[in-house]
Amino acid sequence: MPKLRCYFLLPMLIAMSLVLSGCSPVAPWQRGTLAKPEMAASRSELAATMRSHNYGSREAASGSGSSGGGGCGCY
Amino acid sequence: MAATKISPLHALTVAALALPGLWTADCQAEEDEINFQYSRYQESRRNLIKTPNHSTPIEVDSLFGSAKVTLADRVKFAFNYSQDTWSGATPITVAPLVVEANQAVIKNVKGGKTVVVGASPIIASRQITLNKNLKPLAFNKNGKFLGKDLRVVNVLSTASPETRKQGDFKLGYEWDEAALYAGGGISVENDYESRFGNINGRWDLNQKLTTLNLGLSYTNSDTSAIIDHDASTYLTKTAFLNQIENQGAYQVLTGNRQDWGSNFGISQVLNKEAFLEANVAYTRSTGYMENPYKATTVVFVDPEQPGINRLIGDVKALLEQRPDERDQWALTGSYHQYIGLFDAALHFNYRYFQDTWGISAHTFEAEWVQPIATTWTLTPRIRYYSQDAADFYTPYLTSKQAFVSIAKDSSGREILVDAKNPNNGIQYFRDDNYNLIDSNGNLVNESTVSTIPKTVAFDPKKLPANFSSDQRLSAFGAISGGVNLKKQITKGVSVEAGFEYYTHAGALKLGGGGEGSYADFGYYVANAALNVNLASLNAGTKPGDHAGHSAHHHYHQGGAAPAGVMFAHMMNKADDVMVGYRFMHSHTGGKMLNGDAIASDASILANGCVTRKAGCKMVPTYMDMSMHMLDIMYAPTDWLNLMLMPQFMDMQMNLRQLDGTPAPKLGEHIHAGTGHATGGIGDTGMYAMIKLFDLSSLHHLHLTLGLSAPTGDVDITLRRTHKADEGFIHYGMQLGSGTWDFKPSLTYSGQLGDWSWGAQISGTKRLEDKNASGYLLGDIFESTAWGSYRLNHWLSASVRGLYSDQSAISGEFNPTPGLVNGRLRKNVNPNTSSVDYASNYGGRYWDMGFGLNAQINNGDLAGNSFGVEWLQPIATDVNGYQLDRGGAISATWAVAF
């Protein structure tokens, strides 16, 4: 059976507590800044796909996304 | 009439409201857009410590294209296509330095000197000396003992170009506060095929301040790898015998793996200027997860050797062995903060990864997105990655047993067997007087049987269950940094260029203890992209523009020309921009021709390879070529259009042996079976189109003057195989002409009612005597004429005739020196196949084309046009000996602004 170390959970707890405590209500008309292109979570998607493909062919901790594909990278 | 002025912030707010789940990556509500990207990955040379390394490291050319469109009000569709072509030298195993596993490949140069031009792996059986603690010992050339040497080194192997292609899609339905997407795709390469499907859901809560994402994916991948022919003899494949099939001269290793992935994410708006994302992912992988091209070096040492302090070890390479199961967890947190002072955004990302192979990894990434002067965006980024080694990672192994030893029976006697039939089950022994006896102790007449000692192979159970020397599984750290620059060119069109440098080093591992510096390397990636936002094309229509999309109608003045005709249209309004994409695929296959008649194998054998006394051995069975072209067109005035046309090509082909070819000599290389592939950037065209006359929209004539720049490679070589270096892959598989070419054309078109017609003559004139590889492609002349009829308000059909003539190649490839079976040859360029000869190129061709063109006049995709044309060969008259043609298909898309 896999051994999950304790500190694996720590960042998750921090993240969750940030989510639950750190937010103030933001009305829909106050979200203009959040909608700016530079604030988008996914920018230059093709370039990001390319980078993760390169990292994935050279590092062990890649993949694990939810889309699949990418080939063998056996070089 | 002036439109009501709307503040940019208000516009963005409206956009934010219209786009639910704006910040979620997997399941995002997207605007309709089309993207293209080219990237080049170039790795640094590996340090081979004692052997100079001049071999080309891994390089990868990649092309990406994607389209996102709204099919119906709430139905979204996305399609992605990508292809990579790679080649170069990469580690196959790691060995103690004293094994001297990298052999220098040398070349004679003027003045009688020799220089090292490459390295070739010898993972052949070698013996090394070890001390009693099993540490390798070093000696100089004269056998003088130098001391212990614990250094290890990568052993490199070079790969010929190979191509991977992937197509995938996503179909989604969006509700006001939720969305569901399902997708799938396939990735295909010669030795690996992967099919995958996924489903993702998004749910907005709390007035869209909180968004939940859930995803599930399944991937099924088959490996079917030809074991490196050079290495195969020396590889020990004991663990995979039931996965290896003999297919002709090749050994093929097959395996299957399956991956189930799931992820759950939450994104939360923190305040007006920040939001946070957290994601947890779990993936379970089972099956064959080895890299079929990686081996682990094992030093077999029999501890019971005579002698006191020194032992002899047999160095062998075993195919790597990985566990058949792997569970992986990843936890990701991202923080996105707007920086008001600079009108910029800071994105920070951390990821923790852990799996059941013993690997844990941390990734930190930061990106600063800085808009500059409304149309520019500069994005510097930095990333740090660190991982522990897998439990079973080892540079190499030492096993305390002989690789092969003499079998003994229970009483310690050496077993002998019949040399002619060692597996007949009969055992012999020597008695105390050295007489040959059988297992019952009866004397055997030695003139009736000749015996040899029975040998037993090593016991695999004494090796670890799993081992790998793949540096992806070692302990290391990596730092990378780069910058991306984006420029909005016009409404809806932007271009982007990026660069990243990556450095991998054992010393960069978090907390130290990483792999030795022998494994360090780096790479850089450069990319360029073009983005066409179809939504802004429509949204940007000026108020008061009565026809809505009238802006592009002028583009199709003169009727649609068939998809296979280039430079057929001009834009006749100053400052107009057009972006287009052209795809062309041609198939060559079928019978071999000599002139316009079918050629027999016997006649090709005798005459197909003009300068080779022994005649031809091989002919191609097929050759496929695909071209992807981008058209970027701009009209500085109403009578002049400027056009830039970058191209990306890929090609595949295979060969067969001619009937009647003499049997190959032992060790001679027969090429048939595996096929070859090349791919990458082709030549880049630059054109000026000049309107000559435009007669009351009925007759139109324009001249195109073009220059083609030699950006495509003409120096692609085949990898070293079968202990023999090989030179250039044949002319037809090179990606460009290698010369500056002049490309003029004259186009006439006319239109009356539903009918339109046209004619074009065009040519390609090489402007140099020969290219850098020593040859010159023939000049080309083409003429074509077509007629087209409009079937309804958006669709038209076309028929055309085409004649083209291309001269044969002049000159030939420069000689390539290389090593064949350890001997230096002046020229190792392939010469056994008809395609290796310049005289077997060019010819005269007659074709008919049948096409359809669609012009979309309303709806979200208004302004886009599509065309497709099938080109059917009618007659072919080739120079020399060539394969017959099978037809070609062209497809185009264009949008004008």
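## Contacts of Ile604(B)

In this predicted model, Ile604(B) is in contact with seven residues beyond its neighbours within four places in sequence: Met592(B), Ala599(B), Cys616(B), Val619(B), Leu658(B), Ser834(B) and Tyr881(B).

## The largest nonpolar core

Ile604(B) also belongs to the largest nonpolar core, which has 67 residues. Together with Val532(B), Cys616(B) and Val619(B), Ile604(B) touches the most other members of this core. Strand β52 of chain B, residues 881-896, supplies the largest share, six residues. Both domain 1 and domain 3 of chain B give residues to this core, so the core lies between them.

A second core is separate from this one and holds 33 residues. Among them are Val153(B), Val155(B), Val315(B) and Leu318(B).

## Domains of chain B

Chain B is divided into three parts. Domain 1 is made of the segments 8-144, 175-211, 231-396 and 466-532. Domain 2 covers residues 405-457, and domain 3 joins 560-658 with 685-896. Between the C-alpha centres of domain 1 and domain 3 of chain B there are 35 Å.

## Chain A and its helix α2

Chain A has 75 residues, and 52% of them are buried. Its secondary structure consists of two helices and zero strands.

Helix α2 of chain A runs over residues 45-56. How does its expected span compare with the distance between its end C-alpha atoms? At 1.5 Å a residue, the twelve residues should span 16 Å, and the end C-alpha atoms are 16 Å apart, which agrees.

The buried residues of α2(A) are Glu45(A), Leu46(A), Ala47(A), Thr49(A), Met50(A), Arg51(A), His53(A) and Asn54(A). Which strands of chain B do these buried residues pack against? The partners are β1 (33-43), β2 (59-72), β30 (476-490), β31 (493-505) and β32 (521-533) of chain B.

## Ser360(B)

Ser360(B) lies in strand β21 of chain B, which covers residues 360-372. Is Ser360(B) buried or partly exposed? Within 10 Å there are 19 other C-beta atoms; a residue counts as buried at 20 or more, so Ser360(B) is partly exposed.

Apart from its neighbours within four places in sequence, Ser360(B) is in contact with Phe353(B), Gln354(B) and Asp388(B). Ala785(B) is 425 residues away from Ser360(B) in sequence, and the C-alpha atoms of these two residues are 64 Å apart in space.

Key: Residues are numbered from 1 along each chain as its sequence is written. Chains are lettered from A and ligands numbered from 1 in the order in which they are written. This is a predicted model: local features need pLDDT of at least 70, side-chain atom pairs count only at pLDDT 80 or more; totals for chains, interfaces and linings use all residues. Domain bounds come from an automatic or database domain assignment. Helices (H or I, at least four residues) and strands (E, at least two) are DSSP runs, numbered from the N terminus. A residue is buried if 20 or more other C-beta atoms lie within 10 Å of its own, exposed if 12 or fewer, and partly exposed in between; C-beta atoms are placed from the backbone. A nonpolar core is a set of buried Ala, Val, Leu, Ile, Met, Phe, Trp, Tyr and Cys residues joined through C-beta atoms within 7 Å. Two residues are in contact if their C-beta atoms, placed from the backbone, lie within 7 Å. The expected span of a helix is 1.5 Å times one less than its number of residues.
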